[in-house]
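Hi,

Here is the structure I said I'd pass along. Have a look at it first, and then read my notes underneath.

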Amino acid sequence: MSEVHSESSLAYVRETMVDQKEPPLSQTGAYRWIHENLFSGWLNVILTLGSLWFIWVVLSHLVPWAALGIWDAGSLAQCREIRNDLYGAGSDVACWAVIAERWPQLLFGFYPRDLYWRPVLAFVIFFIAIAPVLFSSLPRKALFGSMAAPFVIYWLIWGGSLWGPVAVAAGFVLGWAIMNYAGPKVGVLPAILASIVVPLLYWFFVAGPLAGALSSVVPLRLTNVESNDIGGFMLALIIGISGILLSLPLGVVLALGRQSDMFIINKCSIAFIEIIRGVPLIVWLFTASLLLNYFLPPGTNFDLMLRVIIMVTLFASAYIAEVVRGGLAALPKGQYEAADALGLDYWKSMRLIILPQALKIAIPGIVNTFIGLFKDTTLVVFIGLLDPIGLSNSIRASTEWNGIYWELFVFIGLCFFLFCFGMGRYSLYLEKKLRREHN
């Protein structure tokens, strides 16, 4: 039996495409973002309105105080006189004149004014030298300049004979040559020991006389600057950058030592990490300042800043070791088995397979430790070094600026924020870059 279909029962088939239209306003642009993030529910509405009110209260007091600030005055009393003439007595106005007058001291401490070009040039060289390390798109040959930069920077900041840093750098070259040429012949472990012991002997017995002999032949010198003259943010940067650069490799070694199957290495690494982490940094700084001299030979002049850098490095390395150990523990066991299946020895498997993945996982924790380390440099004020906080106390103790507080601390806090924010943003950039490469 056949069925008869009417024309009205046939399905409609479109022969032309419908013109594209803009999405609804509620599904795009700022309206959608505001609705989803600020007004998505009654609780969000209350929190948004309360936050806007709090921000308004803070900014309504902070912005006029900062924007109407006085920049040209020789003392706090003169600043108040200008304020009374312009805005009336009792007006809440910032006295930025203290920053305008004392910013060189906050940045450089008591470094000689006519030599400011040296630390400025040193930090420019540092940022140029660190760029090939931070950004893989730059030529790898530039890393040779990065390795020479620390010795040039030291010479620029502290001065003295150029041959001293050159003689010290020769010790590192000697260790590299032993590791590179003797390693394949005598084995990895003996080569590592030799590359450590031989440069140490060279530095103790040869480097000094060699630098003196070269200096007498070709005297290349800069004016000496004592460590006591270095202060402010320059001091914070020197201690922070040195601690960051030295603690990362030491922390990686400690993390590997803690996971080692060798009993002595394992227990020594655990003891070092737990002892260092179990004592506050301020205690270690007092140890570096007061107690370390008792363990040194009589008459030994061990620079206080160098002692602080060593203690800060050891302290940070213990925390870096635990962060890296977390990255190692997060790797699947199959990665270790894959390295063994490829026939790689321990050092090659760590260098080529395990550590790159573990360090990628540990990036947030490592950068967080670095940011904390840089901020902790302010603790050196308790052992007599003039960091920005210590210099602010000295400025406020003078008769001209006695009684000023917020302006100095706002300036110091802003400077620390810029450096720490920069490290945090680079961390996010590196995480996204490695995630894209992995995908």
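Below is what I found about the salt bridges. Keep in mind that this is a predicted model.

There are 7 salt bridges in the structure. A good place to begin is E274, whose side chain meets that of R258 in a salt bridge, at 3.1 Å from N to O. This pair ties together distant parts of the chain: E274 sits in helix α10 (residues 263-277) and R258 in helix α9 (residues 232-258), 16 residues apart. As for how open they are, E274 is partly exposed, with a relative accessible area of 35%, while R258 counts as buried at 17%.

E274 also has a salt bridge with R277, where the closest N and O atoms are 3.6 Å apart. Those two are 3 residues apart in helix α10, so about one helical turn separates them. R277 is partly exposed, with a relative accessible area of 32%.

Next, look at helix α12 (residues 304-330), where E322 and R325 are 3 residues apart and therefore separated by about one helical turn. Their side chains form a salt bridge too, at 2.8 Å from N to O. E322 is buried, with a relative accessible area of 17%, and R325 is partly exposed at 30%. How do these residues fit together? Through salt bridges that share partners, R258, E274, R277, E322 and R325 are joined into one network.

If you want the general idea behind such pairs, side chains of opposite charge can pair when their charged atoms come close.

Cheers

Definitions and conventions. Residues numbered from 1 in each chain as written. Predicted model: local features only at pLDDT ≥ 70, side-chain atom pairs only at ≥ 80, totals over all residues. Heavy atoms only, no water. Salt bridge = Lys/Arg side-chain N within 4 Å of Asp/Glu carboxyl O. Helix = DSSP H or I, 4+ residues; strand = E, 2+ residues; numbered from the N terminus. Buried < 20%, exposed > 50% of the residue type's maximum accessible area, 1.4 Å probe, protein only.
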